[in-house]
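Biologist: Show me the model, please. I want to ask what lies behind the terms.

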Amino acid sequence: MIESDVFVQTMQDMGVNFFTGVPDSILGGIIAELMNRRLYTPAVREDEAVGMAAGAYMAGKTPAVLMQNSGLGTSLNALISLNMIYQQPCILIVSWRGQGGEDAPEHLVMGEVMPQLLDTVKIPHRTLTEKTVIEDFRWVAETFMKQRIPVALFITKGVVKGLHP
Amino acid sequence: MRPEQGTLISRAQAMEALLKLLTDQPVIICNGFPSREAHKIADRPTHFYMIGSMGNASAIALGVALAKPNKQVITFDGDGNVLMGMGTLATVGALKPKNFIHVVFDNEVYGTTGNQPTISNVVPLEKVAKSAGYVNVERVLDRDDLVYEFKDMLKKDGPSLLLIKVNEFVEDAGRVLHDPPDITRRFMKAIE
């Protein structure tokens, strides 16, 4: 399991310096660490977080947006009619609720279709694993720099230490 | 017909008066006719013209304002846009960025899609902003008042919201000519 402080430090080492989003339990440890480091600006909706990240990017920051995958539904229009067409990159840290059909009912549809949904709107994505963490973050950084669009890193349950291990 | 309709100025007239008071401040302009009108009145590299992501202008401006605390950041917004992204009034009110000025041109309709009514005739958006925690809030009906209040807001710590009641007249402005990636690059360079 990846420690939350290692996750946050790795992102900071990559140059990420603006963090916003809407919480999920899987991301609880990461958000707590970001708040400890006074790096986190909470948003009230995921599309608002995506908009704030776009503004921060244009003002010289390297932004990341944290969200549960339900937030991809909420923020889809901002991602495709702001970030994609204006070429404004951001790193999406997305918790994968409903993966493998093992979750509360409200997560099951998005949990099943999420990778295809992002394929359809041409947002590159990858799933973080403990073994490939260095390559995963390198891929995120390279895709962000080269493609200038949002890039998603999926976080599955138990890969990053949460609030209550 | 609204009782005040006959005496109100147009959004383009209001916008022109405001743009005369601005120089190199970043201005985020919401999608639809407002961006087209601003582009026609004064096309500045410090303007970020939106063509999509309705409801998101103030969130983008908030991101700029947080990242550039020493620059005053202006949003040109509409009533339909504010209603769609109303949560951002709360986020701004809670975070209280001092360098944030939110201008709302309130014509009580979705003008770009054919003047379907919004609900801002019965929901006073400036009162929502005040309750959410904006520090300075004003509602104005004419040109003299809007110039006076906007000048005042430029001197004060925010967040501030200026709601301007405007009529439904639309300037014949045409579409914004720049490609969206060029708008991004130009804006980024201009506010560096």
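Modeller: Start with two helices of chain A. Ser4(A), Asp5(A), Phe7(A) and Val8(A) in α1(A) meet Gly29(A), Ile30(A), Ala32(A), Glu33(A) and Leu34(A) in α2(A). This is a predicted model: local features need pLDDT of at least 70, side-chain atom pairs count only at pLDDT 80 or more, and totals for chains, interfaces and linings use all residues. Residues are numbered from 1 along each chain as its sequence is written, while chains are lettered from A and ligands numbered from 1 in the order in which they are written.

Biologist: What makes those residues of α1(A) and α2(A) "meet"?

Modeller: Contact requires C-beta atoms, placed from the backbone, within 7 Å. The listed residues of α1(A) and α2(A) pass that test. By class, the contact of α1(A) with α2(A) has five nonpolar, two polar and two charged residues. Ala, Val, Leu, Ile, Met, Phe, Trp, Tyr, Cys and Pro count as nonpolar; Asp, Glu, Lys and Arg as charged; the others, Gly among them, as polar.

Biologist: At what angle do α1(A) and α2(A) pack?

Modeller: Helix α1 (residues 4–13) of chain A and helix α2 (residues 28–36) of chain A pack at about 65 degrees, with axes 8 Å apart. Axes are lines fitted to C-alpha atoms, for helices over the stretch in contact; angles run from 0 to 180 degrees between N-to-C directions. Helices (H or I, at least four residues) and strands (E, at least two) are DSSP runs, numbered from the N terminus.

Biologist: Is the crossing of α1(A) past α2(A) left-handed or right-handed?

Modeller: Right-handed. A crossing is left-handed if the near helix is turned anticlockwise from the far one by less than a right angle, and right-handed if clockwise.

Biologist: Why is β4(A) called mostly covered?

Modeller: A residue is buried if 20 or more other C-beta atoms lie within 10 Å of its own, exposed if 12 or fewer, partly exposed in between; C-beta atoms are placed from the backbone. In strand β4 (residues 91–95) of chain A, five of five residues are buried. Ile91(A), Ile93(A) and Ser95(A) lie on one side, Leu92(A) and Val94(A) on the other, so both faces meet the buried cut-off.

Biologist: How do you know that β4(A) pairs with β3(A) and β6(A)?

Modeller: Pairing takes at least two DSSP bridges. Strand β3 (residues 63–68) of chain A and β4(A) have five, in the parallel sense. β4(A) and strand β6 (residues 151–155) of chain A also pair in parallel over five bridges. Ile93(A) stands opposite Leu66(A) and opposite Leu153(A) in β6(A).

Biologist: What makes the sheet of chain A have edges?

Modeller: Six parallel strands form an open sheet, β2-β1-β3-β4-β6-β5 (chain A). The edge strands, β2 (40–42) and β5 (125–127) of chain A, each pair on one side only. The twist averages 25 degrees from one strand to the next.

Biologist: And in chain B, why are β2 and β7 at the edges?

Modeller: The open sheet there has six parallel strands in the order β2-β1-β3-β4-β8-β7 (chain B). β2 (47–49) and β7 (136–140) of chain B each have a single partner strand, so one side of each lacks a neighbour in the sheet. The twist averages 15 degrees from one strand to the next.

Biologist: How many residues does each chain bring to the contact between A and B?

Modeller: Chain B gives 25 and chain A gives 25. On the side of chain B, α3(B) supplies the largest share, eight residues. That side has 14 nonpolar, nine polar and two charged residues.
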